[in-house]
Amino acid sequence: MFGSLKPQPEDKILALMSAFRDDPRGDKIDLGVGVYRDAQGRTPVMRAVKSAERQLVENQTTKSYTGLTGDPAFADALGHLVLGNAPFSHAATPGGTGAVHQALQLVRMAKPDATLWLSEPTWPNHTAIAAHLGIRTRTYRYYDTDTGGVWFSAMAEDLERAAPGDAVMLHGCCHNPTGADLALPQWREIAEILDQRRALPIVDLAYLGFAEGLDADAAGLHILAEAVPELLVAVSCSKNFGLYRDRVGLLLALSDAPAVQGSLAALNRLTYSFPPDHGARVVQMILDDPEMRADWQAELDDMRTGMQTTRHALADALRERSGSDRFGFLAGHHGMFSLLPATSEQIARLREDHGIYVVGDGRMNVAGLRPAEVPVLADAIVAVGI
Ligand code: LMR
């Protein structure tokens with residue numbers, strides 16, 4: 001039976017992860033998968049997570065099932081952090097990927113012939129999950145390679161073509177892979193277009209707190225939420241709580257339709273029954289405890305400012321070496337990623353000649369770069385002629 005299976009296309013981010021692991025060079029640098037590292041190159045367990053886990057081990061009395069959409073206290077705490085006081089339906093999911101997957105399943109359930117609009121470029125798994133679920137996709141132009149910023153006129157023009165009932169995936173902040181985010185007036189314009197087109201926004205919110213802070217990073221989402229009647233948000237706690245392997249995600253739905261909550265519960269039951277609880281409970285405990293919450297926020301702020309410092313240091317180092325401001329956009333980008341304007345040959349030379357691993361499209365995880373590695377990377381970028 002399984003002889004009929006075809007080799008699956010590799011996910012380019014995960015393929016790079018294994019290539020890095022297999023590279024024996026001691027001075028190799030991993031700027032592939034989106035994982036934050038501190039100045040020592042570690043991805044630490046956050047202090048508040050450690051405290052909450054200690055309390056949980058001490059006080060948890062049962063591992064019996066929670067509800068199909070997870071512990072309501074988790075959805076309450078994280079949902080309010082993300083959406084403020086707007087009422088929402090919800091389903092806890094295994095990570096942000098699970099939330100994106102359940103969002104697309106819900107869209108397909110409601111409208112089997114919906115088209116999903118994705119930014120060009122976007123996180124490759126958006127495209128892959130939609131294809132797996134048999135959802136037709138179209139792309140909207142997003143990134144201007146000449147300026148390193150959002151190509152807003154093209155984006156707006158493309159989204160004007162969305163049909164009623166189409167879904168449009170937007171990145172809430174820290175656009176993956178470009179690092180280029182919409183400004184608030186642009187969010188307003190997109191909200192107006194989607195409302196007029198009666199298209200459903202799906203906001204992938206995987207990096208809340210990594211751009212300018214928790215409130216500022218949710219501002220675009222809040223503009224949308226005020227403007228449109230229905231909205232989905234796929235939230236991840238992988239990065240901002242550092243809970244990568246514990247798989248903590250939440251799908252939020254703003255809608256008056258009575259069957260949304262029941263449909264989310266049914267989709268969870270069909271996909272994996274109960275979502276994982278451990279990490280979700282840790283997040284809920286942190287958000288509901290003023291002391292742990294303040295400590296989490298302080299550590300998150302440090303992570304964000306560390307990333308910004310690295311961005312500025314890299315832009316400065318490249319300005320010095322290239323004698324131009326061509327890489328100035330790196331300092332203005334948000335979050336973990338930026339796209340290097342590089343050819344695939346230049347990316348291959350970074351890897352082969354310099355042991356520097358960047359995703360094939362030029363996506364570089366700035367949050368994985370240690371301060372000591374900034375000059376090494378800048379030298380290599382200039383040496384391969386980017
Ligand atoms: C990334 O884009 O590197 C992360 O979101 C990790 C992943 O699952 O691809």
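Colleague: In which hand does helix 4 pass helix 5?

Modeller: Helix 4 passes helix 5 in a right-handed crossing. Keep in mind that this is a predicted model.

Colleague: Happy to. How should I read the geometry of these two helices?

Modeller: Begin with the angle and the distance of the axes. Helix 4 (residues 95-110) and helix 5 (residues 124-132) pack at about 40°, and their axes are 10 Å apart. That angle makes helix 4 oblique to helix 5, because angles under 35 degrees would be needed for roughly parallel.

Colleague: Which residues of helix 4 and helix 5 make the contact?

Modeller: Helix 4 contributes Thr97, Val100, His101 and Leu104, while helix 5 brings Asn125, His126, Ile129 and Ala130. By character, the contact of helix 4 with helix 5 divides into four nonpolar and four polar residues, with no charged ones.

Colleague: Let's try another pair. At what angle do helix 7 and helix 8 pack?

Modeller: Helix 7 (residues 184-197) and helix 8 (residues 214-227) pack at about 30°, with axes 9 Å apart. That makes helix 7 roughly parallel to helix 8. Their crossing is right-handed.

Colleague: And which residues meet there, helix 7 against helix 8?

Modeller: From helix 7 come Leu184, Trp187, Arg188, Ala191, Leu194 and Asp195; they meet Ala219, Gly220, Ile223, Leu224 and Ala227 in helix 8. Sorted by character, the residues of this contact are eight nonpolar, one polar and two charged.

Colleague: Now for the rings. What describes a pair of aromatic rings?

Modeller: Two quantities do: the distance of the centres and the angle of the planes. The structure holds six aromatic pairs. One of them joins Phe20 and Tyr357, which are edge-to-face at 5.2 Å centre to centre, with 90° between the planes.

Colleague: Which parts does the pair of Phe20 and Tyr357 tie together?

Modeller: Phe20 lies in helix 1 (residues 12-22) and Tyr357 in strand 12 (residues 356-357), so the pair links parts that are 337 residues apart in sequence.

Colleague: Does Phe20 count as buried or exposed, and what about Tyr357?

Modeller: Phe20 has 16% relative accessibility and counts as buried. Tyr357 is at 4% relative accessibility and counts as buried too.

Colleague: Could you show me a pair with another geometry?

Modeller: Sure, take Tyr207 and Phe210. Their aromatic pair is tilted, at 6.4 Å centre to centre and 45° between the planes. Both Tyr207 and Phe210 are buried.

Colleague: Which residues form one aromatic cluster with Tyr207?

Modeller: Phe210 and Phe337 do; together with Tyr207 they form one aromatic cluster.

Note on methods: Residues numbered from 1 in each chain as written. Predicted model: local features only at pLDDT ≥ 70, side-chain atom pairs only at ≥ 80, totals over all residues. Heavy atoms only, no water. Axes fitted to C-alpha atoms, helices over the stretch in contact; angles between N-to-C directions. Helix = DSSP H or I, 4+ residues; strand = E, 2+ residues; numbered from the N terminus. Parallel < 35°, antiparallel > 145°, perpendicular 65-115°, else oblique. Left-handed = near helix turned anticlockwise from the far one by under 90°. Contact = heavy atoms within 4.5 Å. Nonpolar A, V, L, I, M, F, W, Y, C, P; charged D, E, K, R; others polar. Phe/Tyr/Trp six-rings, centres within 6.5 Å; stacked < 30°, edge-to-face > 60°. Buried < 20%, exposed > 50% of the residue type's maximum accessible area, 1.4 Å probe, protein only.
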